[in-house]
Amino acid sequence: MTVLPITIWGEPVLHRRATEVEIFDDELRTLVADMFETNDAANGVGLAAPQVGVGKRLFVYRFANDDGVPPTGVVVNPVLTLSKVSGALPDPDEEVEGCLSFPGGQYPLKRAEWVRVQGFDAEGNPLEFEATEWFARIIQHEYDHLDGKLYVNRLIDRYARKAMKQAKKNGWGVPGLTWMPGVDPDPFGH
C-alpha cells in the first residue's frame with residue numbers, strides 16, 4: 001500500500017464530475033487500499049478518488065457509527081437519497097466541516113441528517129445502507145467530491161468569503177498543488 005499525495009482546491013480533477021467505475025479488478029482494489037492508507041496517514045474520516053487525482057466515482061470512509069454499518073468501508077458508483085436539508089443557518093459549533101483538499105479550513109455547513117447509500121464494494125458486490133447524523137455528513141461530503149464539488153462550494157456567503165480569503169492567502173486555485181500525509185505537517189493539527 002502507498003500513501004498518495006492529496007490534491008488541493010484548484011486541481012482540475014476536484015472540480016469536474018468523476019466517471020463511473022466500469023471494471024472491478026486488481027487495479028481498483030490497489031487504488032482502494034492506497035486510499036485507505038492515505039486517509040489513515042492524513043487522519044481523515046473519508047477520502048474520495050478525485051482527492052488523490054483519480055477521476056473515478058468511489059470513496060472510502062473510516063468512522064465508527066451508530067447505524068449498524070461497518071466502521072470502515074468503500075463505496076463505488078454511489079447513489080444517495082437524502083432527507084430534507086433544513087433551511088436554518090448552520091450551527092458554528094456543531095456543524096463544522098473540514099476537507100483534506102482544503103487543508104486547515106473548517107467552516108459551518110448545513111447537511112441532511114439522513115442518507116440512504118446504494119453502490120458497490122471493491123469486488124463489485126451491491127451494497128446499501130443508511131447513515132445518520134455525523135456519518136451522514138461524511139457520506140454527503142465525500143459524494144460531493146464525485147460531482148466536482150468541495151464543501152466550500154456549498155457555504156453560505158459569509159463563510160464562503162472567509163474560505164476564499166484562505167485559498168487566496170495560501171495561493172490555491174491553481175493546478176499542481178498537493179500535500180503529502182505523513183510527510184507534510186498535518187493541516188488540522190492531529
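This report describes helix α1, the nonpolar cores, the aromatic pairs and the surroundings of Arg111 in a predicted model.

**Helix α1**

Helix α1 covers residues 26–41, and its 16 residues should span 22 Å at 1.5 Å a residue, which agrees with the 22 Å that separates its end C-alpha atoms. At the start of the helix, a side-chain oxygen of Asp25 comes to within 3.2 Å of the backbone nitrogen of Glu27, while after the helix comes Asn43, whose phi is positive, near 60°. The buried residues of α1 are Leu28, Leu31, Val32, Asp34, Met35, Phe36, Thr38 and Asn39, a list that holds polar as well as nonpolar names. An α-helix has 3.6 residues a turn, so residues three or four places apart point the same way. The elements against which the buried residues of α1 pack are the strands β1 (6–7), β2 (46–48), β3 (58–62) and β4 (72–82).

**The nonpolar cores**

The largest nonpolar core has 35 residues, and those with the most contacts inside it are Leu58, Phe102, Val152 and Leu155. At least two residues of this core come from each of α1, β3, β4, β6 and α3 (157–170), and α1 gives the most, with five residues. Leu58 is in contact, once its neighbours within four places in sequence are left aside, with residues that include Leu28, Leu31, Val32 and Met35, four residues that are also listed as buried in α1. Its other contacts include Val74, Val75 and Val76, as well as Val21 and Leu146. A second, separate core of 15 residues includes Ala48, Tyr61, Val117 and Phe135.

**Aromatic pairs**

A search of the whole structure finds seven aromatic pairs, and two of them are set out here.

| Pair | Centre to centre | Angle between planes | Arrangement |
|---|---|---|---|
| Trp9 and Phe102 | 6.0 Å | 75° | edge-to-face |
| Phe129 and Phe135 | 5.9 Å | 10° | stacked |

The pair of Trp9 and Phe102 links distant parts of the chain, since Trp9 is in the loop between β1 and α1 and Phe102 is in strand β6, 93 residues apart. Trp9 is buried because its relative accessible area is 17%, where the cut-off is under 20%; Phe102 is likewise buried, with a value of 0%. In the stacked pair, Phe129 is buried at a relative accessible area of 12%, and Phe135 counts as buried at 1%. Phe129 and Phe135 also belong to one aromatic cluster together with Tyr61 and Phe63.

**Arg111 and its surroundings**

Arg111 lies in the loop between β6 (102–108) and β7 (114–120), and its relative accessible area of 5% makes this residue buried. Which side chains make polar contacts with the side chain of Arg111? One is that of Glu97, at 2.8 Å, and another is that of Asp144, at 2.9 Å. Apart from neighbours within four places in sequence, the residues in contact with Arg111 are Val85, Glu97, Arg137, Gln140, His141, Asp144, Tyr151 and Arg154, so that Glu97 and Asp144 appear in the list of contacts as well as among the polar partners of this buried arginine.

How values were computed:
Residues numbered from 1 in each chain as written. Predicted model: local features only at pLDDT ≥ 70, side-chain atom pairs only at ≥ 80, totals over all residues. Heavy atoms only, no water. Buried < 20%, exposed > 50% of the residue type's maximum accessible area, 1.4 Å probe, protein only. Polar contact = N/O pair within 3.5 Å; in protein donor to acceptor, adjacent residues only side chain to side chain. Contact = heavy atoms within 4.5 Å. Expected span 1.5 Å × (residues − 1). Phe/Tyr/Trp six-rings, centres within 6.5 Å; stacked < 30°, edge-to-face > 60°. Core = buried A, V, L, I, M, F, W, Y, C linked by side-chain atoms within 4.5 Å.
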